[in-house]
Amino acid sequence: MLGPPGSGKGTQAKFIAKKFGLPQISTGDLLRAAVKSGSELGQLAQEYIDAGNLVPDQLVLKLLKIRISKRDCNTGFILDGYPRNLQQAKDLEKIANVTLVILIELNQSTLVRRITGRRTCKKCGAIFHVDFNPPNIQGICDICSGELYQRTDDKEETVIKRLETYKRQTEPLIEYYRDLGLLEPISGDGTIEEIQGELDHIISSRIEKG
Ligand code: AMP
């Protein structure tokens with residue numbers, strides 16, 4: 001899943017994962033878990049995340065390799081937030097076969113509004129939005145009753161930096177995957193359900209075609 005922060009990648013990746021029975025791997029989640037664990041790698045990653053920069057490729061690759069070596073990844077997986085630059089795209093080709101790249105596109109002002117209103121569950125990682133997808137009870141996760149919080153890097157100052165990082169480093173991947181014939185762009189400017197419907201259609205017809 002390719003797209004700027006706030007485009008709905010995470011929410012939609014979770015939907016596809018459930019619908020098609022594939023694990024969703026978010027390198028952002030892997031990194032946040034490493035930060036929480038207090039490991040050396042996590043400590044190193046934290047300063048990059050807090051500054052809205054990309055964590056060094058080798059660190060992310062290390063976490064990714066560990067995750068995809070687990071048995072649930074044997075028949076495939078959905079990557080959410082990886083690759084984020086050309087080097088990572090090349091690294092990925094050495095360890096997996098990329099079959100489809102979904103790009104979710106959205107304009108900058110909507111992205112900022114989406115990210116700053118985002119609330120994430122501390123326990124299960126579910127994603128809500130104070131206006132567009134509010135939980136039933138404010139501050140509490142609908143799925144696991146965990147506490148919802150605002151990621152420190154979802155505050156406005158860091159969001160602008162993250163969007164710049166996306167433009168500079170990640171956007172070149174659009175051409176890269178288009179040239180490889182793998183890109184399926186969709187508009188992120190719809191309701192969660194509308195976009196789910198579109199993704200369902202794209203992926204189901206790919207599966208039918210084999
Ligand atoms: P995300 O949860 O995808 O928005 O990622 C949050 C932050 O984690 C990013 O702003 C980066 O600092 C870091 N991060 C996540 N995925 C990657 C990646 N593939 N490469 C480098 N840094 C990443």
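Visitor: How do the residues of the shell around the ligand divide into nonpolar, polar and charged?

Guide: In this predicted model, the shell comprises six nonpolar, five polar and five charged residues. Altogether 16 residues surround the ligand, and Thr27, Arg32, Asn53, Arg84 and Gln88 are the closest. Helix α2, residues 27-37, contributes four residues, the largest share of this shell.

Visitor: What makes the approach of Thr27 to the ligand a polar contact?

Guide: A polar side-chain atom of Thr27 lies 2.8 Å from a nitrogen atom of the ligand, and a pair of N or O atoms counts as a polar contact within 3.5 Å, so the pair qualifies. By the same cut-off, a backbone N or O atom of Val55, 3.0 Å from a nitrogen atom of the ligand, qualifies too, as does the side chain of Arg151, where an N or O atom is 3.1 Å from an oxygen atom of the ligand. Of the 480 Å² of accessible area that the ligand has on its own, the protein covers 96%.

Visitor: Why is Cys124 not joined to Cys144 by a disulfide?

Guide: The closest cysteine sulfur to that of Cys124 belongs to Cys144 and is 3.8 Å away, whereas a disulfide requires two cysteine sulfur atoms within 2.5 Å, and therefore the pair is too far for a bond. For Cys141 the closest cysteine sulfur is that of Cys124, at 3.8 Å, which is likewise too far for a bond. The structure holds zero disulfides.

Visitor: How do you know whether Cys141 and Cys124 are buried or exposed?

Guide: Cys141 has 2% relative accessibility, and because buried means under 20%, Cys141 counts as buried. Cys124, at 38%, falls between the limits of 20% and 50%, and so counts as partly exposed.

Visitor: Why is Asp189 called exposed?

Guide: Its relative accessibility is 55%, and exposed means over 50%, so Asp189 meets the criterion. Asp189 sits in the loop between β7 (183-187) and α9 (192-209), and its C-alpha atom is separated by 8.5 Å from that of Asn107, although the two residues are 82 residues apart along the chain.

Visitor: What makes up the largest nonpolar core, and which element gives the most to this core?

Guide: The largest nonpolar core has 28 residues, and those with the most contacts inside this core are Leu2, Leu31, Val55, Leu64, Tyr82, Tyr177 and Leu183. At least two residues of this core come from each of α2, α3 (40-51), α4 (57-68), α5 (86-95), β3 (101-105) and α8 (172-179), and α4 gives the most, with six residues.

Notes
Residues are numbered from 1 along each chain as its sequence is written. This is a predicted model: local features need pLDDT of at least 70, side-chain atom pairs count only at pLDDT 80 or more; totals for chains, interfaces and linings use all residues. Side-chain values use heavy atoms; hydrogens and water are left out. Buried means under 20% relative accessible area, exposed over 50%, partly exposed in between (1.4 Å probe, protein chains only). A residue is near a molecule or strand if one of its heavy atoms lies within 4 Å of it. A polar contact is a pair of N or O atoms within 3.5 Å; within protein, one must be able to donate a hydrogen and the other to accept it, and residues adjacent in sequence count only if both atoms are side-chain atoms. Accessible areas come from the Shrake-Rupley method with a 1.4 Å probe; for residues, only the protein chains shown count as cover. Ala, Val, Leu, Ile, Met, Phe, Trp, Tyr, Cys and Pro count as nonpolar, Asp, Glu, Lys and Arg as charged, and the others, Gly among them, as polar. A nonpolar core is a set of buried Ala, Val, Leu, Ile, Met, Phe, Trp, Tyr and Cys residues joined through side-chain atoms within 4.5 Å.
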